Amino acid sequence: MLPSVDYAAVFAATPHPCLVLGPDLVIVDVNRAYLEVAGRVREDLVGQHVLAVFRGNPSDPESSEGQNLSSSLHRVLATGEPDSMELYRYDIPVADEPGGFVERWWSQVNTPVPGPDGRVAWITLQVEDVTGYVKAYQSAHPGAGAGTCPKSAQVLETELHARARELRRLNEELRRAHARERRVALTLQESVLHAPDLSHHGDMAVRYLPAAQGMHVGGDWYDVVDIPPDRVALAVGDVVGHGIEAAAVMGMLRSALSAAVRALARAAQSLEVLGLYARVVEGALGATAVKAIVDTRSRLISYSSAGHPPPVLAHPDGGCELLDQATDPPLGVRPEHVPRPQATIQYRPGDTLVLYTDGLIERRGEDIDTGLNRLTDALTECVQLDTEELADTLLARLGVAGGGADDIALIVARL
């Protein structure tokens with residue numbers, strides 16, 4: 001279910017100055033940005049007829065800005081179509097100088113908002129302060145005139161609209177390029193995260209959530225590998241960074257570890273091989289990973305970690321144990337090869353093993369132990385759920401069901 005949107009809060013926070021009128025042209029709302037650029041307070045505007053407030057340029061009683069505004073708004077009411085006003089001057093009073101004004105030039109678009117019956121129910125007035133551009137043009141073209149010269153304003157407006165069209169074109173090209181890059185990255189991510197052996201385990205759930213900001217692809221991964229006749233290897237890892245580059249490095253490291261664990265008997269050995277490989281892969285240094293091998297015959301979990309947060313073994317009675325007895329630095333950071341540590345722990349049928357990346361527990365300005373406690377508390381209360389429900393519940397309880405500041409990979413395995 002999509003979250004409800006507080007449109008009043010969105011309107012208030014919009015950085016573009018904006019007024020809202022009723023069909024009677026009475027001001028019904030104004031956002032903070034408008035009040036700031038206009039030097040007004042809300043009480044001066046809301047409830048007033050817009051033409052009573054903006055009769056014309058206050059520093060020039062003979063100006064026609066009020067009439068131009070009236071004509072534009074009535075066109076909007078008559079046609080139901082947006083109307084772009086000509087570039088106009090409307091000066092701002094100086095707070096500490098009675099009778100003093102600061103020259104300001106504006107570009108304005110008046111847009112109808114239809115009601116249920118199709119008639120104009122509201123009109124939004126969005127303005128942009130283009131004084132800087134006007135001043136720059138007047139300085140560069142002394143002969144073009146200044147102040148209220150109509151010819152100068154028309155020339156400026158033409159150039160302004162031309163630049164706006166060019167910016168819209170460039171923005172659209174960037175949007176399409178970003179969309180193409182994101183599709184490529186998502187395809188890559190989906191491909192490398194495919195774990196065929198996962199289908200053999202109905203009591204296991206996996207999740208991948210990209211960071212809430214950015215391209216929605218990154219360097220976190222999970223993997224599930226069957227090692228016949230009676231072992232299964234679980235792994236999660238985290239490459240520094242986001243985007244296509246991190247996803248590509250992630251794919252190489254994940255594949256290398258998946259191959260290594262099939263050839264080597266111990267979790268630590270497979271991480272040693274991965275660490276050596278990380279030294280020759282650009283962008284792989286500093287990556288973290290944890291490997292756990294579950295032996296269903298001996299009911300032992302052997303594990304080794306390369307700078308990664310510890311897995312959690314949760315018992316049906318709510319007790320939790322951190323698998324933190326075989327922790328070593330991240331991949332490739334040691335100048336010379338050193339064998340990695342490995343530890344084992346006994347499990348009982350019905351226990352739940354949880355592997356995850358740091359995006360699940362880490363929060364800016366917060367000690368990692370706080371995040372670990374939050375995770376174990378959630379497991380204590382919810383461990384009786386099936387693995388799919390438990391995976392979703394953990395994400396929700398830790399506040400990252402819709403994605404967090406960092407990527408998240410998660411494995412929940414019922415043993």
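The following paragraphs lead through a predicted model, from its confidence and its backbone to its salt bridges, a histidine site and one helix.

The mean pLDDT of the protein is 84, and 83% of its residues reach 70 or more. Over residues 146-151, the pLDDT falls below 50. Beyond near neighbours in sequence, that stretch has 8 contacts in the model.

The backbone may be entered at strands S1 (18-21) and S2 (27-30). These two strands run antiparallel and are joined by 3 bridges. One such pairing sets Leu19 against Val30, its bridge partner in S2. The hairpin of S1 and S2 has 5 residues between the strands, and Leu25 is located in this loop. Phi of Leu25 is positive, near 65°, although the residue is not a glycine. Leu25 is also buried, because its relative accessible area is 4%, and the limit for burial is 20%.

Two further places in the backbone deserve attention. Most residues other than glycine have a negative phi, and most peptide bonds are trans. Arg299, which is not a glycine, has a positive phi of about 55°. Arg299 lies in the loop between strand S12 (288-295) and strand S13 (300-306). With a relative accessible area of 40%, Arg299 is partly exposed, whereas Leu25 is buried. The second place is the peptide bond between Pro228 and Pro229, which is cis, with omega about 5°. Pro229 belongs to the loop between strand S10 (218-227) and strand S11 (231-242).

Charged side chains provide the next part of the picture. The whole structure contains 12 salt bridges. In one of them, the side chains of Asp29 and Arg42 meet at 2.9 Å, N to O. This pair links distant parts of the chain, since Asp29 is in strand S2 and Arg42 is in helix H3 (residues 42-45), 13 residues apart. Asp29 is partly exposed, with a relative accessible area of 24%, and Arg42 is partly exposed at 36%.

Another salt bridge joins Asp129 to Arg104, with the closest N and O atoms 3.4 Å apart. Here too the pair links distant parts of the chain: Asp129 is in strand S8 (residues 120-129), and Arg104 is in the loop between strand S6 (101-102) and strand S7 (105-114), 25 residues apart. Asp129 is partly exposed at a relative accessible area of 36%, and Arg104 is partly exposed at 26%.

The side chains of Arg254 and Asp223 form a further salt bridge, at 3.0 Å, N to O. Arg254 lies in helix H8 (residues 243-263) and Asp223 in strand S10, so this bridge ties together parts that are 31 residues apart in sequence. Both partners are buried: Arg254 has a relative accessible area of 7%, and Asp223 has one of 5%. Salt bridges also connect Arg207, Glu388 and Asp392 in a network.

The loop between S13 and strand S14 (312-314) holds His308. This residue is buried, because its relative accessibility is 4%, and burial is taken as under 20%. The side chain of His308 makes a polar contact of 2.8 Å with the side chain of Thr288. Leaving aside neighbours within four places in sequence, the residues in contact with His308 are Val236, Gly237, Asp238, Thr288, Ala289, Val290, Tyr356 and Thr357. Thr288 therefore appears in this list of contacts and also as the partner in the polar contact.

The last element is helix H9 (residues 267-278), which has 12 residues. H9 reaches 17 Å from its first C-alpha to its last, close to the 16 Å expected at 1.5 Å a residue. The buried residues in H9 are Ala267, Ala268, Ser270, Leu271, Glu272, Leu274, Gly275 and Ala278. An α-helix has 3.6 residues a turn, so residues three or four places apart point the same way. Among the elements that cover the buried residues of H9 are H8, S12 and S13. Of these, H8 also carries Arg254 of the salt bridge with Asp223, while S12 and S13 flank the loop that contains Arg299.

How values were computed. Residues numbered from 1 in each chain as written. Predicted model: local features only at pLDDT ≥ 70, side-chain atom pairs only at ≥ 80, totals over all residues. Heavy atoms only, no water. Helix = DSSP H or I, 4+ residues; strand = E, 2+ residues; numbered from the N terminus. Buried < 20%, exposed > 50% of the residue type's maximum accessible area, 1.4 Å probe, protein only. Salt bridge = Lys/Arg side-chain N within 4 Å of Asp/Glu carboxyl O. Polar contact = N/O pair within 3.5 Å; in protein donor to acceptor, adjacent residues only side chain to side chain. Contact = heavy atoms within 4.5 Å. Expected span 1.5 Å × (residues − 1). pLDDT = per-residue confidence, 0-100. Pairing = 2+ DSSP bridges.
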